[in-house]
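Work through the exercises below with the sequence and the coordinates at hand, and try each task before reading its solution.

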Amino acid sequence: MNFLYNFINKPLPATDAGWTLFLDRDGVINEEMIGDYIKRPEDFHFIAGSLEALSMLHGFFKRIIVVSNQKGVGKGVMTAADLDAINQKMMEKIAAAGGRVDAAYYATATDPLDKNRKPRPGMALQAQQDFPDIDFQKSIMVGNMAADMQFGRAIGACTVYIPTRPDGMPRPEEVDCVFKDLLSFARAVQQQRQAT
């Protein structure tokens with residue numbers, strides 16, 4: 001992954017228990033089907049280490065929010081009920097492993113200019129409406145695409161890039177930190193907290 005040398009990996013911000021963690025889903029929590037969509041619960045497979053990571057992270061953040069573009073619904077290749085079933089499976093497995101996700105928001109429109117579709121901040125604004133204690137200046141966005149990093153920048157969050165999709169690589173100025181996967185990020189947060 002030599003392309004990672006294009007990024008200046010800054011230290012993580014000094015977080016505390018009042019911070020919010022925004023997470024992309026596909027390619028961060030679960031294995032991504034490049035060129036296709038996760039259309040059924042049986043298509044959803046956690047990335048190795050992601051359940052462990054979510055179990056660790058649950059103690060470090062006040063809010064953990066999933067924000068994911070899912071235009072397969074808008075395209076009609078899957079239904080909203082399918083998406084709900086996938087989400088339910090994800091939430092149940094995370095909880096069973098000792099983790100927590102406070103809420104998951106999905107942008108299902110196909111229009112790239114839709115206010116809720118990343119990189120636009122609509123899903124973050126929905127989350128803040130539902131959880132008024134969310135402070136975007138005390139938040140981290142973890143994702144694997146340029147749109148995730150742009151979403152993070154739009155709300156003033158620290159941006160963490162997980163390089164599982166080099167074809168969606170962001171510009172260096174959009175990225176604060178790079179970790180190979182969610183577990184590496186969780187371990188870095190844990191190490192930082194133990195040092196303070």
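**Exercise 1: the cysteine pair**

In this predicted model, the cysteine sulfur closest to that of Cys-158 belongs to Cys-177 and lies 4.4 Å away, which is too far for a bond. Decide how many disulfides the structure holds, and state whether Cys-158 is buried or exposed.

*Solution.* Begin with the cut-off, which asks for two cysteine sulfur atoms within 2.5 Å. Because the sulfur of Cys-158 is 4.4 Å from that of Cys-177, the two are too far apart for a bond. Seen from the other side, Cys-177 is in no disulfide either, its nearest cysteine sulfur being that of Cys-158. The count for the structure is therefore zero disulfides. For accessibility, buried means under 20% relative accessible area, so Cys-158, at 11%, is buried, and Cys-177, at 0%, also counts as buried.

**Exercise 2: the sheet**

Determine the order in which the six strands of the open sheet are arranged, and explain why strand 3 and strand 6 each have one side without a neighbour in the sheet.

*Solution.* The order is 3-2-1-4-5-6, with parallel pairing. Strand 3 (103-107) and strand 6 (177-178) stand at the edges and have a single partner strand each, so one side of each is left without a neighbour in the sheet. Turning to one pair, strand 1 (residues 20-23) runs parallel to strand 4 (residues 139-143) and is joined to it by four bridges; in one of them, Thr-20 has Ser-139 of strand 4 as its bridge partner.

**Exercise 3: a helix on the sheet**

Identify the strands across which helix 4 lies.

*Solution.* Helix 4 (residues 122-130) lies across strand 1, strand 2 (63-69) and strand 3, and runs at about 145° to strand 3.

Key. Residues numbered from 1 in each chain as written. Predicted model: local features only at pLDDT ≥ 70, side-chain atom pairs only at ≥ 80, totals over all residues. Heavy atoms only, no water. Buried < 20%, exposed > 50% of the residue type's maximum accessible area, 1.4 Å probe, protein only. Pairing = 2+ DSSP bridges. Helix = DSSP H or I, 4+ residues; strand = E, 2+ residues; numbered from the N terminus. Contact = heavy atoms within 4.5 Å. Axes fitted to C-alpha atoms, helices over the stretch in contact; angles between N-to-C directions.
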